[in-house]
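Biologist: I should be grateful for a close look at a single part of this model and at its surroundings. Please define each term as it arises, since the reader is a first-year student.

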Amino acid sequence: MTNRSNVTKQKLLDAASDIIMEHGVHQLTLDEVAKTAGVSKGGLLYHYPSKEALLTAIVERLQTEQNDMYESLQLEGYGPIEAFVRLFDETKLYPERSSLHIDAEKMIAFLTLFAVDQDYAERWKHDIDTFFAQFQQTSDPVETMIIRYALEGMMMSEHFHVGIPPTELKQQIIARLIERARRIDTET
């Protein structure tokens, strides 16, 4: 793929993400994406022949960013469990690491994609199951899964604005989860 083609694809994904963020996934149309990106509809269809293909690309880009950040954290010397906690540190306790933010609208786009693309949903489920199978191979799989579910619960609470504790408490929770993760990582 040429650099120009890659730039066009990124512009289209950025435009689609912006539309989802500003107006919701229900307002995402191919015409609006092409217009927002400044690309012809034919150019959009060349890269993404359907709304489903566009949604798939948005989710895949988000997953790639997440995977790259997780690997980067491990290259910086964090163990796999601590890297996972730091990946989802939405409290900004550690501001040197910008957290990956998955807002409610992106989550809705993600869930919409599951409804329209069963093959993608199955691939995603397999990848997630494979990833979390590693979490069950630690020195303390129960504690590891408690960390996972605590983070996922905090993330859902944040995204749906339900039962959100004050920032100081969230920071204390993240700090405690990091302590626990570090202990698991050093015992493995």
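Modeller: The protein chain has nine helices and zero strands, and from the N terminus its elements run α-α-α-α-α-α-α-α-α. Helices (H or I, at least four residues) and strands (E, at least two) are DSSP runs, numbered from the N terminus. This is a predicted model, in which local features need pLDDT of at least 70 and side-chain atom pairs count only at pLDDT 80 or more, while totals for chains, interfaces and linings use all residues. Residues are numbered from 1 along each chain as its sequence is written, and side-chain values use heavy atoms, with hydrogens and water left out.

Of the 188 residues in the protein chain, 43% are buried; here buried means under 20% relative accessible area, exposed means over 50%, and partly exposed lies in between (1.4 Å probe, protein chains only). Contact means heavy atoms within 4.5 Å. Among contacts between residues at least 6 apart in sequence, 65% join residues at least 24 apart.

The part chosen for the close look is helix 5 (residues 80-87). Helix 5 is mostly covered, with seven of its eight residues buried: I81, E82, A83, F84, V85, R86 and L87. The cover over these buried residues includes helix 4, helix 7, helix 8 and helix 9 (167-187).

Consider one residue of helix 5, I81. I81 has a relative accessible area of 2% and is therefore buried. Leaving out residues up to four places away in sequence, I81 touches F135, T138, T144, I147, A181, I184 and D185. I81 and T144 are 63 residues apart along the chain, yet their C-alpha atoms are separated by 7.3 Å.

The partnership with helix 8 (residues 141-160) can be described by axes, which come within 10 Å and cross at roughly 10°. Axes are lines fitted to C-alpha atoms, for helices over the stretch in contact, and angles run from 0 to 180 degrees between N-to-C directions. Helix 5 and helix 8 are therefore roughly parallel to each other; angles under 35 degrees count as roughly parallel, over 145 as roughly antiparallel, 65 to 115 as roughly perpendicular and the rest as oblique. In this contact, I81, F84 and V85 of helix 5 meet T144, I147, R148 and L151 of helix 8. By class, the contact has five nonpolar, one polar and one charged residues. Ala, Val, Leu, Ile, Met, Phe, Trp, Tyr, Cys and Pro count as nonpolar, Asp, Glu, Lys and Arg as charged, and the others, Gly among them, as polar.

Helix 8 also holds E143, which is buried with a relative accessible area of 15%. Apart from neighbours within four places in sequence, E143 is in contact with R180, R183 and I184.

Two further helices belong to the cover of helix 5, namely helix 4 and helix 7. Helix 4 (residues 51-75) has 25 residues and reaches 36 Å from its first C-alpha to its last, close to the 36 Å expected at 1.5 Å a residue; the expected span is 1.5 Å times one less than the number of residues. Just after helix 4, G77 takes a positive phi of about 110°. In helix 7 (residues 118-135), the buried residues are Y120, A121, F132 and F135. They cover an arc of only 95° around the axis, which puts them on the same side of helix 7; the arc is that of the directions from the helix axis to the C-beta atoms. The face turned away from this buried side carries the exposed residues D119, H126 and D129.
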